[in-house]
Amino acid sequence: MQSTTSVKLDTAVRERMQRLASARQRSTHWLMREAIEQYLEREEQRERLRQETLAAWEEYQATGLHVTAEEADAWLAKLEAGEDVNPPECHT
């Protein structure tokens with residue numbers, strides 16, 4: 001199901017959109033839909049990452065489990081070198 005939503009744009013933005021739509025041989029409607037979809041995807045991903053970060057921080061505060069930067073760097077260096085290694089064990 002689709003519904004109509006209006007957006008008020010200033011003249012400069014509207015003109016830029018019309019130029020781009022013309023250059024891409026697309027409608028301004030298509031550009032707006034595409035822009036909104038891309039924005040939502042990007043912002044939803046950022047929100048997922050933010051939530052994961054908050055959950056990781058809460059888990060760290062509750063347990064104290066962590067790996068040091070040196071341990072993480074060493075593990076990543078091995079992965080980069082093509083070694084199939086497990087991540088380092090978390091400790092307090």
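This is a conversation between a student and a tutor about a predicted model of one protein chain.

Student: What makes up the protein chain, counted in helices and strands?

Tutor: The protein chain has three helices and zero strands. Read from the N terminus on, its elements run α-α-α.

Student: How do you know that the span of α2 agrees with what is expected for its residues?

Tutor: We set one value against the other. At 1.5 Å a residue, the 36 residues of α2 should span 52 Å, and its end C-alpha atoms are 52 Å apart, so the two agree.

Student: And how do the spans of α1 and α3 come out?

Tutor: Helix α1, residues 11–24, has 14 residues and reaches 20 Å from its first C-alpha to its last, close to the 20 Å expected. Helix α3 has 12 residues and reaches 16 Å, close to the expected 16 Å.

Student: Let's look between the helices. Where is Gln25?

Tutor: Gln25 is in the loop between α1 and α2 (28–63), just after α1. Its phi is positive, about 55°, although Gln25 is not a glycine.

Student: Why is Gln25 called exposed?

Tutor: Exposed means over 50% relative accessible area. Gln25 has 73% relative accessibility, so it counts as exposed.

Student: Which residue takes a positive phi just after α2?

Tutor: That is Gly64, with a phi of about 75°. After α3 comes Gly82, whose phi is also positive, near 95°.

Student: What makes Gly82 exposed or buried?

Tutor: Use the cut-offs again: buried is under 20% and exposed is over 50%. Gly82 has a relative accessible area of 63%, so it is exposed. You will find Gly82 in the segment after α3 (69–80).

Student: How far is Gly82 from Leu40?

Tutor: Their C-alpha atoms are separated by 36 Å, and the two residues are 42 apart along the chain.

Student: How do you know that a charge sits over the ring of Trp30?

Tutor: The distance part of the rule asks for CZ of Arg within 6 Å of the ring centre. The charged end of Arg26 is 4.1 Å from the centre of the Trp30 ring, and it sits over that ring.

Student: How many aromatic pairs are there?

Tutor: The count comes to one aromatic pair.

Student: Now the whole chain. How does its radius of gyration compare with that of a compact globule?

Tutor: A compact globule of 92 residues would have a radius of gyration near 12 Å, but the protein chain has 23 Å. Its C-alpha atoms fill a box of roughly 55 × 35 × 30 Å along the principal axes.

Student: What share of the residues counts as buried?

Tutor: Of the 92 residues, 3% count as buried. The chain exposes about 8,500 Å², and carbon and sulfur atoms supply 52% of that area.

Student: What share of the contacts joins residues at least 24 apart?

Tutor: Among contacts between residues at least 6 apart in sequence, the share is 31%.

Definitions and conventions:
Residues are numbered from 1 along each chain as its sequence is written. This is a predicted model: local features need pLDDT of at least 70, side-chain atom pairs count only at pLDDT 80 or more; totals for chains, interfaces and linings use all residues. Side-chain values use heavy atoms; hydrogens and water are left out. Helices (H or I, at least four residues) and strands (E, at least two) are DSSP runs, numbered from the N terminus. The expected span of a helix is 1.5 Å times one less than its number of residues. Rings of Phe, Tyr and Trp (its six-membered ring) pair if their centres lie within 6.5 Å; planes under 30 degrees apart count as stacked, over 60 as edge-to-face and the rest as tilted. A charge sits over a ring if NZ of Lys or CZ of Arg is within 6 Å of the ring centre and within 35 degrees of the ring normal. The radius of gyration is taken over C-alpha atoms; the globule rule is 2.2 Å times the number of residues to the power 0.38. Buried means under 20% relative accessible area, exposed over 50%, partly exposed in between (1.4 Å probe, protein chains only). Contact means heavy atoms within 4.5 Å. Accessible areas come from the Shrake-Rupley method with a 1.4 Å probe; for residues, only the protein chains shown count as cover.
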